[in-house]
Amino acid sequence: MHDNQPRTIALDALPEVITRYLTAHRNHDTATAVTAFTGDATVVDDGHTYAGTAAIEGWLDRAATEFTYTVQLTDARETDADHYIATQHIEGDFPGGTVDLHYRFTLRAGLVERLVIEP
């Protein structure tokens, strides 16, 4: 019986599309990061929802330039074949200076359909 509780997986066991997004986002490579999303994807970050690749691309561009920060992937979890959580430790010149963020991915057809980022 599957209880839908996320189980810890190796960091390198995340699906390629998630790794591609996380790496591209960390490297401020918006063009590559946006290729990880479906055309109708949504991202929820800091209380704002970005729908569609154009809105997501704008959000990625702003996120890449707003603050200077370092990112370290610290945890990976899988709920099922389409739902993953990647936790990243972020330090930088943003308010508070340090945060652990959970990136909750929903995949569809090998791409990110929904991403919710929250502490």
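This briefing walks through a pocket, two helices and several individual residues of one structure. The model is predicted. Its largest pocket holds about 650 Å³ of space. Helix α3 gives the most to the lining of that pocket, with four residues. Two residues that are not glycine, H28 and D46, take a positive phi.

**The largest pocket**

- The space in the largest pocket comes to about 650 Å³.
- The lining is made of 24 residues, and D45, D46, E66, F67 and L101 are the closest to the pocket centre.
- By class, 15 of the lining residues are nonpolar, six are charged and three are polar.
- Two helices, α1 and α3 (53-66), each supply at least two lining residues.
- The strands β3 (48-51), β4 (69-80), β5 (83-92), β6 (98-108) and β7 (111-118) also supply at least two each.
- Among these elements, α3 contributes the most, with four residues.

**Helix α3**

- α3 has 14 residues, which should span 20 Å at 1.5 Å a residue. The C-alpha atoms at its ends are 20 Å apart, so the model agrees with that expectation.
- Buried residues in α3 are I56, W59, L60, A63 and A64.
- Viewed down the helix axis, these buried residues fall within an arc of 130 degrees, so they line one face of α3.
- A54, T65 and E66 are exposed on the other side of α3.
- E66 also belongs to the residues closest to the centre of the largest pocket.
- The cover over the buried residues of α3 includes the helices α1 and α2 (30-34). It also includes the strands β2 (37-45), β3, β4 and β7.

**Helix α1 and the loop after it**

- Helix α1 covers residues 16-26. V17, I18, Y21, L22, A24 and H25 are buried there.
- H28 comes just after α1, in the loop between α1 and α2.
- The phi of H28 is positive, about 60 degrees, although H28 is not a glycine.
- Most residues other than glycine have a negative phi.
- H28 has a relative accessible area of 40%, so it counts as partly exposed.

**D46, a second positive phi**

- D46 sits in the loop between β2 and β3.
- Its phi is positive, about 55 degrees, and D46 is not a glycine either.
- D46 has a relative accessibility of 67%, so it counts as exposed.
- D46 is also one of the residues closest to the centre of the largest pocket.

**V112, a buried strand residue**

- V112 belongs to strand β7.
- Its relative accessibility is 0%, so V112 is buried.
- V112 touches V17, A36, F37, T38, A41, F105, T106 and L107, leaving out residues up to four places away in sequence.
- One of these contacts, V17, is a buried residue of α1.
- Another contact, A41, is 71 residues from V112 along the chain, with 6.8 Å between their C-alpha atoms.

**G39, an exposed strand residue**

- G39 is part of strand β2.
- With a relative accessible area of 58%, G39 is exposed.
- Leaving out residues up to four places away in sequence, G39 touches G52 and T53.
- G39 and V99 are 60 residues apart along the chain, and 29 Å separates their C-alpha atoms.

**P6, before the first strand**

- P6 falls in the segment before β1 (7-8).
- Its relative accessible area is 28%, so P6 is partly exposed.
- P6 touches R77, E78, T79 and I85, not counting residues up to four places away in sequence.
- P6 and F94 are 88 residues apart along the chain, and their C-alpha atoms are separated by 30 Å.

**P95, an exposed loop residue**

- P95 lies in the loop between β5 and β6.
- P95 has a relative accessible area of 69%, so it is exposed.
- P95 and L107 are 12 residues apart in sequence, yet 31 Å lies between their C-alpha atoms.
- L107 is also among the residues that V112 touches.

Methods. Residues are numbered from 1 along each chain as its sequence is written. This is a predicted model: local features need pLDDT of at least 70, side-chain atom pairs count only at pLDDT 80 or more; totals for chains, interfaces and linings use all residues. Side-chain values use heavy atoms; hydrogens and water are left out. Buried means under 20% relative accessible area, exposed over 50%, partly exposed in between (1.4 Å probe, protein chains only). On a 1 Å grid over the protein atoms alone, a cavity is a set of points where a 1.4 Å probe fits but cannot get out, and a pocket is an open set with protein on both sides within 12 Å along at least five of seven lines; lining residues have an atom within 4 Å of a point. Grid points are joined across faces, edges and corners, and a volume is the space filled by probe spheres set on the points. Ala, Val, Leu, Ile, Met, Phe, Trp, Tyr, Cys and Pro count as nonpolar, Asp, Glu, Lys and Arg as charged, and the others, Gly among them, as polar. The expected span of a helix is 1.5 Å times one less than its number of residues. The arc is that of the directions from the helix axis to the C-beta atoms. Contact means heavy atoms within 4.5 Å.
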